[in-house]
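Trainee: I would like a close look at a single part of this model, the strands and the helix that connects two of them. Please take the neighbouring parts along where they help.

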Amino acid sequence: MVERLPTQFNEATNRTIELIDVLWLKGNSILAAFEVEATTSVYSGLLRMSDLLALQPNLSINLFLVAPDDRRDKVESELMRPTFKLREKPLASLCGFLGFDSLVEKLKGIQQLGLASSLKADFLEKTADYFGTDEVS
């Protein structure tokens, strides 16, 4: 946990970053951004992700929407909305879905194997569902 977020961006970007639920940082670099949508609108979290990419089009970070597994179809349908789908890089190919139950199950397995301390961000890319036509490598 950090007390202050990195501030290397312009004011509009910093305001957007402050609204994102969780950031995975390495020093001052943002490795991943997470919107957790347990009870709130899926759309608002995706909109913040899209805003961040619009403000910083060259920013290369992993984006994830985390929600109950039963909201998977809702996440997919929102990602297919024209505002997200018709971007130069469709948000569906950049933002992965992480279902609560699936994620917790995998993390428990990792803990049981004693591998939690060596967990890296690419684990999330391999765990997430992507709905875009471009596969994340």
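Mentor: A polar contact is a pair of N or O atoms within 3.5 Å; within protein, one of the two must be able to donate a hydrogen and the other to accept it. The model is a predicted one, and the contact that caps helix H2 is a convenient place to begin. Ser41 caps the N-terminal end of H2, with a side-chain oxygen 3.1 Å from the backbone nitrogen of Tyr43.

H2 covers residues 42-55. Its 14 residues should span 20 Å at 1.5 Å a residue, and because the end C-alpha atoms are 20 Å apart, the expected span and the model agree. The buried residues of H2 are Val42, Gly45, Leu46, Arg48, Met49, Ser50, Leu52 and Leu53. Arg48 and Ser50 are thus listed as buried along with Leu46 and Leu52.

Now the strands. Strand E1 (residues 22-26) pairs with strand E2 (residues 29-36) in the antiparallel sense, over five bridges. Lys26 stands opposite Ser29 in E2. The hairpin of E1 and E2 has two residues between the strands, and in this hairpin Gly27 takes a positive phi near 65°. Ser29 has a relative accessible area of 41%, so this residue of the strand counts as partly exposed.

On to the next pairing: E2 and strand E3 (residues 62-67) run in the parallel sense, again with the pairing made over five bridges. Ala33 stands opposite Leu63 in E3. Between these two strands the chain crosses from E2 through H2 to E3, and this β-α-β crossover is right-handed.

E3 also pairs with strand E4, in the parallel sense and over five bridges. Here the bridge partner of Phe64 is Gly96 in E4. E4 comprises residues 95-99, and five of the five are buried, so this strand is largely enclosed by the rest of the structure. In a regular strand the side chains alternate between the two faces of the sheet. In E4, Cys95, Phe97 and Gly99 point one way, while Gly96 and Leu98 point the other way, and all are buried.

Helix H5 (residues 91-94) contains Ser93. The relative accessibility of Ser93 is 7%; because buried means under 20%, this residue counts as buried. A polar atom of the Ser93 side chain lies 2.8 Å from the backbone oxygen of Pro90. For a sense of distance across the model, Ser29 and Ala92 are 63 residues apart in sequence and 23 Å apart in space, C-alpha to C-alpha.

Helix H6 covers residues 100-112, and its span can be checked in the manner used for H2. The 13 residues of H6 should span 18 Å at 1.5 Å a residue, and the end C-alpha atoms are 18 Å apart, so the two values agree. Just after H6, Gly114 takes a positive phi of about 75°.

Some of these elements meet again at the largest pocket. Rolling a probe the size of a water molecule over the atoms shows where empty space is left. The largest pocket has a volume of about 390 Å³. It is lined by 17 residues, of which Leu53, Pro57, Leu59, Lys89 and Leu94 are the closest to its centre. H2, E3 and H5 each supply at least two residues of this lining. Leu53 is also one of the buried residues of H2.

Methods. Residues are numbered from 1 along each chain as its sequence is written. This is a predicted model: local features need pLDDT of at least 70, side-chain atom pairs count only at pLDDT 80 or more; totals for chains, interfaces and linings use all residues. Side-chain values use heavy atoms; hydrogens and water are left out. Helices (H or I, at least four residues) and strands (E, at least two) are DSSP runs, numbered from the N terminus. Buried means under 20% relative accessible area, exposed over 50%, partly exposed in between (1.4 Å probe, protein chains only). The expected span of a helix is 1.5 Å times one less than its number of residues. Two strands pair if DSSP finds at least two bridges between them. A crossover is right-handed if, with the strands pointing away from the viewer, the path from the first strand over the helix to the second runs clockwise. On a 1 Å grid over the protein atoms alone, a cavity is a set of points where a 1.4 Å probe fits but cannot get out, and a pocket is an open set with protein on both sides within 12 Å along at least five of seven lines; lining residues have an atom within 4 Å of a point. Grid points are joined across faces, edges and corners, and a volume is the space filled by probe spheres set on the points.
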